[in-house]
Amino acid sequence: MRDGQPGTPIRLVDYQVPAYLVGQVHLDVDLFDEHTRVNATLALRRHPDAPAGADCVLDGVGLTLEALSVDGEPLAEEAWRYDGEQLVLRGMPDTFTLATQVIIEPQRNTALEGLYVSRGMFCTQCEAEGFRRITFFPDRPDVLSRFSTTVRADKVRFPVLLSNGNPVARGEEGARHWVTWEDPFPKPCYLFALVAGDLACLEERYRTGSGREITLQIYAEERDLDKLDHAMASLKAAMAWDEQTYGLEYDLGIYMIVAVSHFNMGAMENKGLNIFNTACVLAHPKTTTDAGFQRVEAVVAHEYFHNWSGNRVTCRDWFQLSLKEGFTVFRDQSFSADMNSIAVKRVEDVDMLRTVQFPEDQGPMAHPVRPAEYQKIDNFYTVTIYEKGAELVRMQHGLLGPERFRAGTDLYFSRFDGQAVTTDDFVDCMAEAGGIDLTQFRRWYSQAGTPRLEASDTFADGEYRLTLRQSTPPTPGQPDKLPLMIPVKLALLGADGAALPLDADGNTETVLVLTEAEQTFAFAVPGTQAPVPSLLRGFSAPVELRYDFSPAQLHFLLAHDSDGYCRWDAAQRLYHAAVTRLLADPSAAEAEAAALRPALEQVLARAMDDPAEAALLLTLPGEVAIGDRLDVLEPDRIHAARGALQAELGRQLARQWWQAGQACLTPGPYRPSAADIGKRSLRHRALAYLAAAADERVASHLEALCRDADNMTDQLGALRLLVHYRLPGAAQALADFAARWHDEALVMDQWFAVQATVPGEQTLAQVRALLAHADFDWRVPNRVRGLLGSFANGNPTAFHAASGEGYRLYAEALARLDEVNPQIAARMAGACARLPRLPDARREALAAALRDVLSRSRSANLREMLERILA
Ligand code: ARG
Ligand code: ZN
């Protein structure tokens with residue numbers, strides 16, 4: 001088995017066109033209790049650019065081959081070979097029809113790739129390489145075929161039979177029935193999907209701009225039928241938005257979404273038949289938090305947008321994954337911003353990029369947005385491919401401006417419709433439509449690492465001079481870096497806080513395009529007072545900005561800057577500085593809080609103008625983010641310093657926190673509107689400060705909120721604070737919550753997560769107990785993420801406990817998980833990517849635990865991750 005040899009990477013430079021293409025494929029899938037029989041008929045033809053006589057190679061993993069014929073004749077023994085991973089056919093003609101019959105066992109498939117069973121329902125996940133676990137096929141995105149699919153199953157237990165495209169025929173045979181689906185659009189096999197189950201359906205209609213009527217169906221278990229309205233509304237909003245913003249209409253008569261409980265990722269954009277993790281589609285005020293509602297809106301839109309950016313125009317190979325993912329994330333971010341708040345959405349996205357992607361880019365897993373090599377592509381569904389990829393598209397949007405960017409996307413979709421292309425093709429369209437040279441810009445796609453941007457300035461004789469210096473630290477396999485094209489959006493604020501005119505036209509904002517390692521830009525600034533620079537406005541490039549801001553400048557920016565990102569960044573810088581000083585002198589919490597007080601009071605004073613923004617401005621950086629700024633990670637001291645600051649601010653501003661909470665009450669029924677969500681988030685921010693301060697009234701307030709609230713946002717928020725701050729009533733609230741929500745898996749995932757993230761070493765015993773809990777299930781990725789993922793990624797004081805017990809627990813869990821679901825195990829392993837930055841004793845302890853897992857791991861997924869981390 002190829003899986004047995006460590007470290008054989010696949011390289012971008014080795015790309016070759018496939019020897020054979022598949023024009024048409026018919027699948028006949030017969031679903032039974034013990035096994036499934038798949039008959040496939042493929043119309044193959046030699047690729048015009050393939051070398052004559054090349055073998056025809058089909059992927060197929062773990063298939064039991066029952067029959068094989070070419071043009072209706074059984075194939076001679078010496079003409080074919082199957083090694084468990086690939087079927088090689090020798091001496092084939094230029095065109096031929098291949099028919100295969102295989103047996104697979106979806107009931108035993110816990111890896112959740114290919115065809116599997118989730119709570120009695122058959123479903124598929126084929127991206128990236130799952131289709132080869134269903135039948136023999138050239139499983140690569142540059143083979144686009146027309147699919148027709150017949151699904152057969154017991155008619156009582158599986159009344160709903162779905163696949164891509166349109167249903168064209170159906171029938172019955174005794175206790176069984178069948179439906180045939182036809183997808184008119186050629187597609188790569190990673191977009192294939194099939195579902196069979198006993199499902200309820202919410203159906204509505206949507207009329208496109210050109211007047212076509214589309215049937216929209218969302219399928220789920222009967223018990224979840226009342227949780228589909230938000231997804232339906234989000235889908236319609238996304239369809240309308242894409243018509244307006246990109247001029248793109250849906251192209252089939254029917255669009256289906258199916259909710260499944262066992263799912264490795266968030267959702268999947270299969271043509272006409274999206275399959276969703278229940279966590280990304282179900283929403284109900286009683287069981288779903290505000291964040292959950294917003295996630296559903298974003299993911300439904302994301303998968304819908306893929307119909308063009310991904311399906312109509314797809315990727316040539318998996319190195320180009322960001323072609324569809326980066327672009328589609330940019331599209332869903334813009335959509336969510338338009339639906340809610342542009343400024344708030346931008347800060348949330350930047351925060352996520354800086355706290356999750358920057359560390360990835362600075363650690364052993366660093367890779368370019370277009371990687372040059374990988375072992376398992378599953379390991380490259382990363383924040384770098386997705387979120388940094390989206391930033392690269394955003395920079396091009398910024399460089400071109402909205403109109404020319406739209407011209408670029410029009411060109412892209414018309415030129416490449418029905419094709420499998422590359423990120424270079426995308427940038428070509430932008431350069432052409434924008435009339436700009438993006439040669440240097442392309443380095444963003446091939447160069448890994450977070451660029452550092454150092455700014456310094458002088459002011460004399462009416463001239464302000466800003467010097468920008470760029471450098472990118474080495475990353476694995478890329479010791480030397482070249483200068484990038486970095487758009488730096490800038491304003492200069494005068495003494496009254498207003499932005500100064502920067503040119504004769506009176507523009508107060510400009511984009512400096514840095515292309516050299518160092519450049520100086522000069523501006524005429526009247527008067528004698530140096531302006532305050534508002535740098536990297538809107539976070540115009542994904543870089544780490546270094547500028548020696550004085551505290552006074554940061555307070556000034558927080559008070560006056562018209563750019564939401566810059567205001568938030570100023571607050572973050574003030575908080576980081578305070579925590580850094582506290583790490584050196586833990587006794588200074590009271591003084592540090594007092595120094596921050598005016599800034600917080602001023603934010604609170606105008607908080608009701610935009611409670612969502614205020615909540616962001618009032619959020620201290622998390623412990624993990626603080627640790628990432630330090631040279632050596634010391635989780636306990638970070639926890640103590642941050643906690644002391646939060647508690648002091650809670651105490652000193654107690655009256656204002658209670659006031660803010662009161663002002664943010666949202667009377668009437670729960671609504672997931674941006675306005676109400678903003679109020680709840682500010683209210684919970686205020687309660688967090690009060691909980692940290694152990695305010696005498698807060699525990700009973702939280703208890704009542706947890707018990708009586710009519711919505712999950714308030715209930716769960718209150719529960720988390722009670723439990724994390726160990727307030728009176730916490731244990732009872734946890735027990736009551738479990739009793740109440742026992743039957744709601746997505747709510748119970750949160751119940752596990754709340755307990756796994758209680759700071760401190762004593763949580764390790766609790767995590768062990770929860771691993772043995774009757775409701776914990778290694779086969780359900782949402783549950784594993786809820787317990788183990790939140791423990792390893794969100795609880796540094798427990799995970800990095802000095803005893804090493806956190807590492808042992810985690811390593812045991814990884815090994816166990818690897819047997820069940822290698823993709824999820826590999827993803828969990830990402831939590832150790834900070835290994836090189838740990839202090840000696842901890843680094844050794846974690847490395848030893850991981851080496852032990854590596855020596856036993858049988859999956860290429862987990863091995864690739866561990867090898868990189870331990871390298
Ligand atoms: N294309 C999906 C998305 O919308 C992700 C699916 C990836 N699945 C996987 N097992 N790698 O982002
Ligand atoms: Zn996607």
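1. A good place to start is ligand 1, which has 15 residues around it, the closest being Glu127, Asn264, Met265, Asp378 and Tyr381. A residue is near a molecule here if its C-beta atom, placed from the backbone, lies within 6 Å of it. Please keep in mind that this is a predicted model, in which local features need pLDDT of at least 70 and side-chain atom pairs count only at pLDDT 80 or more, while totals for chains, interfaces and linings use all residues. Residues are numbered from 1 along each chain as its sequence is written, and chains are lettered from A and ligands numbered from 1 in the order in which they are written.

2. The shell around ligand 1 is evenly split, with five nonpolar, five polar and five charged residues. In this scheme Ala, Val, Leu, Ile, Met, Phe, Trp, Tyr, Cys and Pro count as nonpolar, Asp, Glu, Lys and Arg as charged, and the others, Gly among them, as polar. At least two residues of this shell come from strand E20 (267–268), and at least two from helix H2 (290–305). Helices (H or I, at least four residues) and strands (E, at least two) are DSSP runs numbered from the N terminus.

3. Glu127 deserves a second look: this residue is among the closest to ligand 1, and a cis peptide bond with omega of about 0° joins Glu127 to Ala128. Ala128 sits in the loop between strand E11 (121–125) and strand E12 (145–154). Another backbone detail to check is Leu112, whose phi is near 60°, a positive value in a residue other than glycine. Leu112 belongs to the loop between strand E9 (95–104) and strand E10 (114–118). For context, most residues other than glycine have a negative phi, and most peptide bonds are trans.

4. Helix H2 also packs on helix H3 (residues 321–339), at an angle of about 135° and with the axes 9 Å apart. Axes are lines fitted to C-alpha atoms, for helices over the stretch in contact, and angles run from 0 to 180 degrees between N-to-C directions. H2 and H3 are therefore oblique to each other (under 35 degrees counts as roughly parallel, over 145 as roughly antiparallel, 65 to 115 as roughly perpendicular and the rest as oblique). The contact involves Gln294, Glu297, Ala298, Ala301, His302 and Phe305 of H2, with Thr328, Val329, Arg331, Asp332, Phe335, Ser336 and Met339 on the H3 side. Residues are in contact if their C-beta atoms, placed from the backbone, lie within 7 Å. By class, the contact of H2 with H3 has six nonpolar, four polar and three charged residues.

5. H3 has a further partner in helix H5 (residues 383–400): their axes come within 7 Å and cross at roughly 70°. That makes H3 roughly perpendicular to H5. The H3 residues in this contact include Leu321, Phe327 and Phe330, and those of H5 include Ile385, Leu392 and Val393. Nine nonpolar, four polar and three charged residues make up the contact of H3 with H5.

6. Helix H10 (residues 564–584) and helix H14 (residues 635–652) pack at about 120°, with axes 9 Å apart, and are therefore oblique to each other. Ala578, Val579, Leu582 and Leu583 of H10 meet Arg637, Ala641, Arg642, Ala644 and Leu645 of H14. The contact of H10 with H14 contains seven nonpolar, no polar and two charged residues.

7. Finally, the annotation. UniProt lists residues 231–444, in an unreviewed entry, as "domain: Peptidase M1 membrane alanine aminopeptidase"; over this span the chain is 55% helix and 9% strand. The same kind of record gives "domain: Aminopeptidase N-like N-terminal" (unreviewed entry) for residues 111–191, a span with 0% helix and 54% strand. UniProt positions are in the numbering used here, feature names are shortened, and annotations may be inferred rather than shown by experiment.

How values were computed: Two residues are in contact if their C-beta atoms, placed from the backbone, lie within 7 Å.
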